[in-house]
Amino acid sequence: MSFEMTKGLFKYDFTDQHAILGIPLDAEFNDIRKRYMKIARRLHSDTCSFEDQADKDWANQFLSKVVNPAYNKFSKESDRKEYSLLLAAIGKRVVKEQAKMQIESEAAKQLVTAQNWEEAYKTAVSKLALKQYESVKETQEAIDQISELNMVYLLRKERMGGGGAVAPGSSAKATNPTSTEKTAAATSVTANPAPPPPPPKVEPPDSQTEAYCRRAQGFMDSKNYAKASLELREALKRDPKHSKAHAMLAMCYLEQNQATMAKLEMNKALASNPEEPTALEVKKKLEQASAKAKKGDEKPGFFASLFGGKKK
């Protein structure tokens with residue numbers, strides 16, 4: 001069953017979790033949780049009101065494979081930070097590549113030149129979210145349109161100097177843009193204007209490598225670490241220095257009580273990116289485990305590999 005999404009921010013090899021959940025980019029976590037619970041009740045097999053059995057099957061699969069992973073991305077602070085950093089990079093790419101940006105939805109086109117654009121953005125997202133999960137067709141169309149709104153929002157915020165990362169609860173206002181900013185925003189989509197000073201270079205991730213990582217994350221969310229490890233090894237065949245893949249593989253090994261392998265993959269991840277969040281999380285857990293093992297608080301079988309012991 002395919003859940004391909006290719007419009008808006010999805011064009012940048014980025015999974016727009018906000019669009020999937022139907023929430024604005026500056027939504028607070030409590031609002032995210034409430035929205036997720038509402039969607040889950042709508043799509044769950046026990047409460048789904050879709051009449052056609054095929055649609056019910058689609059809803060159940062979409063909940064487990066798309067909606068649940070989207071919510072999980074916000075449930076941990078480390079994941080939220082990682083997602084925020086990636087969103088910031090995407091915002092800079094949107095500005096850099098604005099000359100070839102394509103917008104299809106009417107709501108996103110209106111947002112390009114809207115004066116009270118932050119208010120207009122939230123209103124448009126809320127309107128689409130109301131019917132987002134009423135049917136299979138409306139779900140897919142709403143996600144596409146919300147992601148296009150997110151793309152334009154990042155463009156306008158970046159041009160105003162707000163940065164690509166949108167912090168929850170942001171109070172920045174720009175309700176009355178100047179005529180110059182309004183004109184620039186409109187022509188950036190339809191013409192080929194002189195580009196602004198280039199932002200720091202952000203290399204686009206290899207789409208196939210990222211796809212392996214996304215599938216692996218889905219398996220990890222369901223605690224199927226064996227299958228997640230297979231996906232991550234395939235990712236590393238394409239990009240042997242991919243820090244995120246190494247870090248995720250380290251976490252898989254850690255969850256399977258393979259501390260030595262976890263430490264090895266963690267070191268590879270940190271060698272490529274010393275700030276890799278998942279790798280730092282693994283490092284912290286290994287250090288805590290090591291300290292407990294030395295005090296004799298844990299069973300030796302699990303932590304023997306930390307000190308050079310061999311499995312029996």
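**Exercise 1. Find which helices help cover the buried residues of α2 in this predicted model.**

Start with the cover: α1 (17-21), α3 (53-75) and α6 (117-130) are among the elements in contact (heavy atoms within 4.5 Å) with the buried residues of α2. Helices here are DSSP runs of H or I, at least four residues, numbered from the N terminus. Next, list the residues being covered: I32, R35, Y36, I39, A40 and L43 are buried in α2, where buried means under 20% relative accessible area and exposed over 50% (1.4 Å probe, protein chains only). Because they cover an arc of only 140° around the axis (taken from the directions from the helix axis to the C-beta atoms), they lie on the same side of α2. Finally, turn to the other side of α2, where K34 and R41 are exposed.

A word on the model: it is predicted, so local features need pLDDT of at least 70 and side-chain atom pairs pLDDT 80 or more, while totals for chains, interfaces and linings use all residues. Residues are numbered from 1 along each chain as its sequence is written, and side-chain values use heavy atoms, without hydrogens and water.

**Exercise 2. Work out how α6 and helix α7 (residues 136-159) are arranged.**

First, take the axes, lines fitted to C-alpha atoms over the stretch in contact, with angles from 0 to 180 degrees between N-to-C directions: they come within 10 Å and cross at roughly 170°. That makes the pair roughly antiparallel (over 145 degrees).

**Exercise 3. Is N150 buried or exposed?**

Locate N150 in helix α7. Its relative accessibility is 0%, so N150 is buried. Then check its neighbours: leaving out residues up to four places away in sequence, N150 touches L9, D16, H18, A19, L25 and Y121.

How values were computed:
Helices (H or I, at least four residues) and strands (E, at least two) are DSSP runs, numbered from the N terminus. Angles under 35 degrees count as roughly parallel, over 145 as roughly antiparallel, 65 to 115 as roughly perpendicular and the rest as oblique.
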